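Colleague: I would like to go through this model with you, one question at a time, and hear the reasoning behind each answer.

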Amino acid sequence: WKMRGTAGHNAVLIDGHGHHYVDGVEGTNDSKAYANILDYQDHGDVIWWTSDATPGYIVENYHVTQVQRTVIYAKPGTIIVFDQVNFRYRPQTFDARFFPDNRDGAAELSVDGNRFALRRPRAALHGLVASNCDAAPRLSRLDVLPETGDFPCVEVHAPEGLSHHVVTVLSVSDRAPNLSARADAAGRWTVKAPGLEAQIPPTPFAPTIALL
């Protein structure tokens, strides 16, 4: 069931836990977890959308007030992931996992400060992490029995806090590309990557993204 749950996907974990999941113990009842697409914009070479998954996490964690992910895709190989996770009372940790395809055991993962890379024999994905909460990438793997397989991942981890705004900049490239993400005094993020320069403001609703 871990492979089917949140922990086995490119998704957010709060205090090490994912959203509500029906593992069969409750019979065939539908999961109470769901998400809403708040915004979708198609500008040709650049596409973005915002998903609000708060209802899926609040089922088992009433401290949650926001679990929201905005994804910007700049064709052909740049992706920006902006996670906003906020809590009402109790500070909690944040993790965002990124898994490579490792069915043949040929994936290689590395971390260097706030940068990381997922490598396959003929492709490489480079990442940069920036945040308001001391988030940083680290190597991890899905906790399953060895006979199930080997599922390494890069886990972007932030210590306990009431507010986590985490920007992960991803770009496909043979060599480490120029990536940057900086926040101004108002918390607006300016992100630069190959084929993309954008500004992303924090918001309880879908952020109004500006292409620069």
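Colleague: Is E155 buried or exposed?
Modeller: This is a predicted model, and the judgement rests on computed accessibility, for which a residue under 20% relative accessible area counts as buried. E155 has a relative accessible area of 5%, so E155 is buried.

Colleague: With which residue does the side chain of E155 meet in a salt bridge?
Modeller: E155 belongs to strand β11 (residues 152–161), and its partner is in strand β10 (residues 136–141), 17 residues apart, so that the pair links distant parts of the chain. The partner is partly exposed because its relative accessible area is 37%. The N to O distance is 2.9 Å, and the side chain that E155 meets is that of R138.

Colleague: Which residues are joined into one network with R138 and E155?
Modeller: The bridge between E155 and R138 links strands β11 and β10. Salt bridges that share partners join this pair into one network with two further residues, D95 and R97.

Colleague: How many salt bridges does the structure hold?
Modeller: Besides the bridge of E155 and R138, the side chains of D101 and R103 meet at 2.7 Å, N to O. In that second pair D101 is partly exposed, because its relative accessible area is 33%, whereas R103 is exposed, because its value is 77%. These pairs are among the salt bridges of the structure, whose number is 9.

Colleague: Where in the chain is R120, the salt-bridge partner of D104?
Modeller: The side chains of D104 and R120 meet in a salt bridge with an N to O distance of 2.7 Å. The pair links distant parts of the chain, 16 residues apart, with D104 in the loop between β6 (92–98) and β7 (108–112) and R120 in strand β8 (residues 115–120).

Colleague: How many disulfides are counted, given that C133 and C153 are cysteines?
Modeller: Both cysteines count as buried, C133 because its relative accessibility is 9% and C153 because its relative accessibility is 0%. Burial does not decide the matter, since the criterion is a pair of cysteine sulfur atoms within 2.5 Å. By this rule the number of disulfides is 0.

Colleague: Which residues does N61 touch, not counting residues up to four places away in sequence?
Modeller: N61 is found in the loop between α1 (54–58) and β4 (64–74). Although it is in a loop, N61 is buried, because its relative accessible area is 12%. With residues up to four places away in sequence left aside, N61 touches I14 and Q92.

Colleague: Which residues form a nonpolar patch on the surface together with W49?
Modeller: W49 lies in strand β3 (residues 46–52), and it is partly exposed because its relative accessible area is 31%. A patch residue needs over 30% relative accessible area, so W49 passes that cut-off. The patch has about 330 Å² of accessible area together, and W49 shares it with I37 and Y40.

Colleague: Which strands stand at the edges of the open sheet of 4 strands?
Modeller: The order of the sheet is β13-β14-β15-β16, with antiparallel pairing. An edge strand has a single partner strand, so one side of it is left without a neighbour in the sheet, and this holds for β13 (180–183) and β16 (210–211).

Colleague: Which residue of β16 is the bridge partner of A198?
Modeller: Strand β15 (residues 196–200) pairs with β16 in the antiparallel sense, over 2 bridges. The partner of A198 in β16 is L211.

Definitions and conventions:
Residues are numbered from 1 along each chain as its sequence is written. This is a predicted model: local features need pLDDT of at least 70, side-chain atom pairs count only at pLDDT 80 or more; totals for chains, interfaces and linings use all residues. Side-chain values use heavy atoms; hydrogens and water are left out. Buried means under 20% relative accessible area, exposed over 50%, partly exposed in between (1.4 Å probe, protein chains only). Patches are made of residues with over 30% relative accessible area and no salt bridge: like charges are joined within 9 Å, nonpolar side chains (Val, Leu, Ile, Met, Phe, Trp, Tyr) within 5 Å. Accessible areas come from the Shrake-Rupley method with a 1.4 Å probe; for residues, only the protein chains shown count as cover. A salt bridge is a side-chain nitrogen of Lys or Arg within 4 Å of a carboxyl oxygen of Asp or Glu. Contact means heavy atoms within 4.5 Å. Two strands pair if DSSP finds at least two bridges between them.
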